[in-house]
Structures are given as C-alpha cells and as structure tokens.
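Welcome! Please work through these short exercises with the model open beside you, and try each task before you read its solution.

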Amino acid sequence: MQRCLRSFVFVLLLSLCLAPAALAGEQPFSIHAPDAVGVGQPFLVKVVSPHELEDVDIFWDGKSVSPAACGQGDCRALALFGTSLYVKFGLYSLEVEASVNGERRRLRKLVRVEDHEYPTETLRVAPGMVKPPKKFHARIEREREKSKKAISTVSSERLWEAPFSLPVKGKMLSRFGLRRTFNGDTKRRHWGLDFRAWLGTPIRAIAPGKVILVGDNFYYAGNCVYIDHGNGVVSMSVHMSKVLVREGQMVERGQKIGLSGSTGRSTGAHLHLSVFAQGVAIDPEPLFKMQ
C-alpha cells in the first residue's frame with residue numbers, strides 16, 4: 001500500500017514539474033497579422049492558442065486594447081488596428097501579452113508600414129466652411145472636443161464582427177485619404193468614405209454598438225451619430241437630414257440610425273462614414289470585405 005502511494009506521489013510530482021517545462025518549450029500562442037500594411041489602412045490581429053488564454057493585451061504604435069479570448073477548440077482573441085495617415089514608414093513592433101495556463105507570456109511580430117497611394121480632389125464650398133467667422137470658433141472647438149472624446153472610446157466588450165455591414169447601398173464616391181483642396185487654397189485629408197445617398201436615404205449601423213454621441217447640427221459634420229462598437233472601434237456617420245437614435249441607445253447591425261442629408265460642410269446629400277480604431281482614423285472600405 002505504501003509502495004503504491006509513493007508511486008502515485010512520484011508520478012503526480014513529475015507531471016507538475018513537466019507541465020511548465022512543456023509550455024516553456026513550445027509557443028504559448030501565435031500572432032496572426034499582416035507582414036505589411038499601408039498608411040491609413042486597417043488590419044486584423046488574431047491571437048490563437050491551444051491553451052486557455054486570459055488577460056490578453058495587444059500593443060501597437062503606442063495604442064493598446066485588451067480583447068476577450070474565446071472560441072471552441074483553439075482559444076483566440078481578435079482586435080482591429082490601423083495606421084495613421086501621417087505615420088513614418090518602417091518596421092513597427094506588434095506585441096501581445098497574455099496569461100497562458102496561469103503563466104504570463106509576451107510575444108511580438110514585426111509589421112512593416114509602407115506607402116499607400118491616395119488620389120487628390122478639388123471642391124468648392126461656402127467660404128465660411130473653409131475659414132469660419134470668429135463668432136463660430138468657440139462652438140467649433142466645443143464640438144471638436146466632444147468628437148475627440150467619442151472617437152477615443154475603448155470599451156471592454158467587442159460587439160463587432162468582420163466583415164462589417166455596408167451603411168447604404170449607394171456607390172462609393174470620395175475615398176478615404178484623399179488630398180483635398182477647398183476653394184483653391186486649403187489642403188486637407190479626407191478622414192472618411194463618402195457614399196451616394198439621395199436625400200432621405202436610410203443610413204444603417206455597420207455593426208452592433210452603443211450610441212455615444214449625437215451631434216445636433218455640428219458646424220462641419222451637421223447632424224451626426226457616433227457608435228461605439230467595442231474594443232476601440234468607433235464609427236461616425238455625418239451630414240444627416242434626420243437622426244433616428246439617441247445617446248445611450250444600443251443598436252443592431254443594419255439598424256436604421258438616420259436619414260441622409262447635406263447638413264454641415266457638404267456639397268450635396270450623401271453619407272460620410274468615418275471609422276476609428278484605437279482613436280486612429282482608418283480607411284473604412286477594406287472593412288466590408290475583411291475576414
């Protein structure tokens with residue numbers, strides 16, 4: 001009896017000693033991300049492990065997000081990042097830290113940020129929409145601060161799935177990243193994607209989320225809706241003729257959130273959609289085909 005007990009204890013101790021060693025000798029998890037990404041472009045990061053993943057943190061270019069890990073079979077976590085239009089080209093470190101079977105581990109992958117071609121566009125708008133009168137400066141600044149706070153939202157629960165849903169059926173017009181000239185002398189970048197949407201066309205949420213800001217005729221954006229889709233992904237739909245949701249409301253993918261219009265700085269009825277990942281404006285177009 002004592003001999004059997006000693007054998008059992010020996011096997012138990014041996015298994016406890018070998019378990020961490022086995023984990024140390026293998027890759028605790030793998031990072032799935034592109035080897036290269038263009039400036040202004042979004043990309044998915046998938047963290048996959050045959051072991052239980054907990055407390056996942058993903059770091060990229062000074063930004064971070066902590067996605068929940070889930071899935072059957074292999075455990076996985078998913079996050080969306082992007083690069084600024086103004087980031088320098090070169091190699092950047094994508095780092096993932098997670099607890100695997102109770103042990104904290106960290107891995108990294110190098111991602112090359114490279115050039116991406118963006119066209120130019122020339123527009124004419126009311127002079128006050130290029131150089132606003134002084135009496136509007138305080139209002140514009142208040143609206144800018146509200147917008148900055150909204151697009152920097154990083155909530156803990158991821159509600160979105162890739163690919164995202166198109167907000168309208170209209171043709172894509174002005175693309176993200178355009179180098180724009182207003183009235184011949186003011187050059188700006190286009191921070192969103194424009195869709196053809198005749199006046200009163202229903203505008204729909206690109207993913208589930210929570211309405212975190214409704215703009216009532218903002219100076220530049222007009223009537224607009226900001227939706228938090230979770231884990232740092234925020235969408236902004238602007239120039240609406242009518243808003244159909246309220247702040248704090250939860251919306252479903254494809255739900256009507258407003259009607260298209262031409263409020264704010266606009267040359268005609270359309271939808272301008274902007275998407276932000278960890279506070280960085282990204283090209284929305286790839287999101288509709290992303291897997």
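The exercises below go from the whole chain to single residues and then to empty spaces.

This is a predicted model, in which local features need pLDDT of at least 70, side-chain atom pairs count only at pLDDT 80 or more, and totals for chains, interfaces and linings use all residues. Residues are numbered from 1 along each chain as its sequence is written, and side-chain values use heavy atoms, with hydrogens and water left out.

**Exercise 1. Describe the protein chain as a whole.**

Step one: look at the secondary structure. The protein chain has 2 helices and 22 strands (DSSP runs numbered from the N terminus: H or I of at least four residues for helices, E of at least two for strands).

Step two: turn to burial. Of the 291 residues, 47% are buried (under 20% relative accessible area with a 1.4 Å probe, protein chains only).

Step three: check the contacts (heavy atoms within 4.5 Å). Among contacts with a separation of 6 or more, 69% join residues 24 or more positions apart.

**Exercise 2. Find the surroundings of serine 49.**

Step one: locate the residue. Serine 49 belongs to strand β3, which covers residues 42–49.

Step two: is serine 49 buried or exposed? Its relative accessible area is 0%, so serine 49 is buried.

Step three: list what its side chain meets. A polar atom there lies 2.6 Å from the backbone oxygen of proline 28, and a polar atom of this side chain is 3.0 Å from the backbone nitrogen of histidine 51.

**Exercise 3. Do the like for serine 147.**

Step one: serine 147 sits in helix α2, residues 137–151.

Step two: with a relative accessible area of 14%, serine 147 counts as buried.

Step three: leaving out residues up to four places away in sequence, serine 147 touches Leu213 and Tyr226.

**Exercise 4. Describe the largest cavity.**

Step one: recall the idea. Rolling a probe the size of a water molecule over the atoms shows where empty space is left. A cavity is a set of points, on a 1 Å grid over the protein atoms alone, where a 1.4 Å probe fits but cannot get out; lining residues have an atom within 4 Å of a point.

Step two: how much space lies in the largest cavity? The value is about 40 Å³.

Step three: name the lining. Trp60, Asp61, Lys63, Phe81, Gly82, Ala277 and Val280 line the largest cavity.

Notes
Buried means under 20% relative accessible area, exposed over 50%, partly exposed in between (1.4 Å probe, protein chains only). On a 1 Å grid over the protein atoms alone, a cavity is a set of points where a 1.4 Å probe fits but cannot get out, and a pocket is an open set with protein on both sides within 12 Å along at least five of seven lines; lining residues have an atom within 4 Å of a point. Grid points are joined across faces, edges and corners, and a volume is the space filled by probe spheres set on the points. A polar contact is a pair of N or O atoms within 3.5 Å; within protein, one must be able to donate a hydrogen and the other to accept it, and residues adjacent in sequence count only if both atoms are side-chain atoms.
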